[in-house]
Amino acid sequence: MAFLSDGIAAEVVSHCTDLGIAFDQDVDLSRMTYLRTGGRAQLIAKPSTAEQAAGLLAFLTSHGIAYKIIGNTSNLLFLDQVDYPVLVSSTNMADLSVDSATGKIVAEGGVMVPDLSRAALFHGLTGFEAFEGIPGTLGGGLFMNAGAYGDELKDHLVGAQLAMPDGTLRFFTLAELQLTHRSSVLRREASGAFVCDVTFELPHGDAQKIFGKMEVYHAKRHKYQDFMYPNLGSIFSGSPYRVLGEEDRYFKFVSAVYYLFNYKVKIFRRESPINRKWLNDVILKRFPLHYDLQPFSDKTFNCLVNRGQGTDEMVRFIRQMEELIDGRIVLENEIVEEF
Ligand SMILES: Cc1cc2nc3c(=O)[nH]c(=O)nc-3n(C[C@H](O)[C@H](O)[C@H](O)COP(=O)(O)OP(=O)(O)OC[C@H]3O[C@@H](n4cnc5c(N)ncnc54)[C@H](O)[C@@H]3O)c2cc1C
């Protein structure tokens with residue numbers, strides 16, 4: 001249990017009410033998080049302006065109340081046995097404006113990345129085609145410099161307005177955001193800062209070509225990504241298949257042949273496989289991984305799925321994988337520990 005005392009909780013509620021901030025209380029996280037896990041949240045505050053977000057963070061910080069910012073929770077593993085005190089959600093900050101003439105887009109932190117991608121298509125702007133299938137918000141995307149197929153959010157970014165934990169509003173330029181592969185200043189130093197809005201500038205492109213690229217990416221994603229069980233996309237940033245191949249020469253040979261037949265030469269199939277169950281079964285024979293209910297997707301070993309095994313079992317699997325991987329690729333999913 002990590003709930004606030006009734007008195008402090010009442011103060012937070014009253015502060016939210018004073019600032020006009022919407023909130024939910026005593027929320028069952030397993031019913032609302034993307035992975036469908038987690039205990040209860042005592043309060044989820046949903047500011048709808050940058051000023052409200054800044055005012056809320058200032059209050060929480062000055063009262064020593066820990067909080068966690070959430071977007072669409074598509075990268076967050078909330079633990080079943082943990083109750084969380086205050087979550088600050090960007091869900092009510094989802095305004096998006098596009099200047100078709102200049103290609104300038106200003107989008108609030110709660111805008112869904114696929115909506116941003118489709119808005120760019122609508123206005124004939126190119127550069128966001130690959131983001132159509134990332135099921136997160138812009139705030140979550142900026143936190144980890146989300147990307148796909150070689151494109152990253154940083155590519156056309158001008159800067160972002162952040163509400164800092166002390167309640168100030170500050171514009172960070174692209175350079176100040178320090179966006180690197182799946183990381184940013186938010187992940188490293190400025191944790192606790194809230195992304196209020198982000199500014200981009202995109203070049204104009206041919207709408208038909210933009211549409212065509214989005215269609216291709218959409219179809220590709222549906223081949224390798226699990227869409228049936230609740231999941232958090234890739235567990236690790238990078239390929240565990242490659243890393244496990246470095247550990248075990250037999251697996252390296254088998255996976256190289258598998259890759260060759262299925263992806264390069266396609267001797268046995270006209271299409272890439274829609275799952276790698278066969279290859280995953282080889283991993284299970286070669287490496288010491290233990291679980292009661294299969295915690296990964298048949299489509300890819302690099303995707304944790306919720307089959308009702310509970311988060312203890314999920315975390316145990318991630319830790320076993322981390323041991324095998326030994327730091328060669330980085331954990332992308334974030335486990336939200338008690339705070
Ligand atoms: C099916 C699937 C496919 C995916 N594909 C991709 C992919 O192709 N590429 C990729 O990069 N990722 C991918 N992901 C992972 C995930 O969607 C992205 O990381 C996304 O950017 C997370 O956004 P979110 O709003 O869900 O953030 P959350 O999961 O809610 O939060 C992630 C982190 O961002 C922080 N955060 C969230 N909002 C804000 C804010 N407003 N201000 C400050 N901090 C904030 C949180 O505190 C947390 O630390 C995929 C996930 C799934 C489930």
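This passage walks through two sheets, a ligand shell and one helix residue in a predicted model.

A good place to start is the stretch with a label attached. In UniProt, an unreviewed entry lists residues 36-205 as "domain: FAD-binding PCMH-type". Over those residues the chain is 22% helix and 31% strand, and the C-alpha atoms at the two ends sit 39 Å apart.

One of the sheets has four strands. It is open, with the order E1-E2-E5-E3, and its pairing is mixed. Strand E1 (22-28) and E3 take the edges; each has a single partner strand, so one side of each is left without a neighbour in the sheet. On average, neighbouring strands here are turned by 25 degrees against each other, ignoring direction.

The mixed pairing shows up when the strands are taken pair by pair. E1 and E2 run antiparallel and are joined by six bridges; within that pair, Phe23 has Ala45 in E2 as its bridge partner. E2 and E5, on the other hand, run parallel, with four bridges between them, and here Ile44 is matched with Leu87 in E5. Moving on to the far edge, E3 and strand E5 (residues 84-89) are also parallel and are held by four bridges. Tyr67 finds its bridge partner in E5 too, namely Val86. Helix H1 (residues 6-19) packs on this sheet, where it touches E1, strand E2 (40-46) and E5, and its direction makes about 20 degrees with that of E2. As for E2, six of its seven residues are buried, which leaves the strand mostly covered. As a general point, side chains in a regular strand alternate between the two faces of the sheet.

The other sheet has five strands. It is open as well, this time in the order E6-E7-E12-E10-E11, and its pairing is antiparallel. Strand E6 (96-99) and strand E11 (169-173) are the edge strands, each pairing on one side only. Neighbouring strands of this sheet are turned against each other by 15 degrees on average, again with direction ignored. Between strand E7 (residues 104-108) and E12 there are five bridges, and the two run antiparallel. One of the matched pairs is Val106 with Thr199, the latter in E12.

Members of both sheets turn up again around the ligand. Strand E3 (67-70), helix H4 (138-143), strand E8 (147-148) and strand E12 (194-201) each give at least two residues to the shell. H4 makes the largest contribution, with four residues. Of the 32 residues around the ligand, the nearest are Gly71, Gly136, Gly139, Gly140 and Gly233. By type, the shell splits into 14 nonpolar residues, 16 polar ones and two charged ones.

Last comes a look at a single residue, Ile318, which lies in helix H11 (residues 311-325). Is Ile318 buried or partly exposed? A residue needs 20 or more C-beta neighbours within 10 Å to count as buried, and Ile318 has 18 inside that distance, so it counts as partly exposed. Leaving out residues up to four places away in sequence, Ile318 touches Ile235, Leu304 and Leu331. Phe296 is 22 residues away from Ile318 along the chain, and the C-alpha atoms of the two are separated by 9.9 Å.

Terms used. Residues numbered from 1 in each chain as written. Predicted model: local features only at pLDDT ≥ 70, side-chain atom pairs only at ≥ 80, totals over all residues. Near = placed C-beta within 6 Å. Nonpolar A, V, L, I, M, F, W, Y, C, P; charged D, E, K, R; others polar. Buried ≥ 20, exposed ≤ 12 C-beta atoms within 10 Å, placed from the backbone. Contact = placed C-beta atoms within 7 Å. Pairing = 2+ DSSP bridges. Axes fitted to C-alpha atoms, helices over the stretch in contact; angles between N-to-C directions. UniProt positions renumbered as here; feature names shortened; annotations may be inferred.
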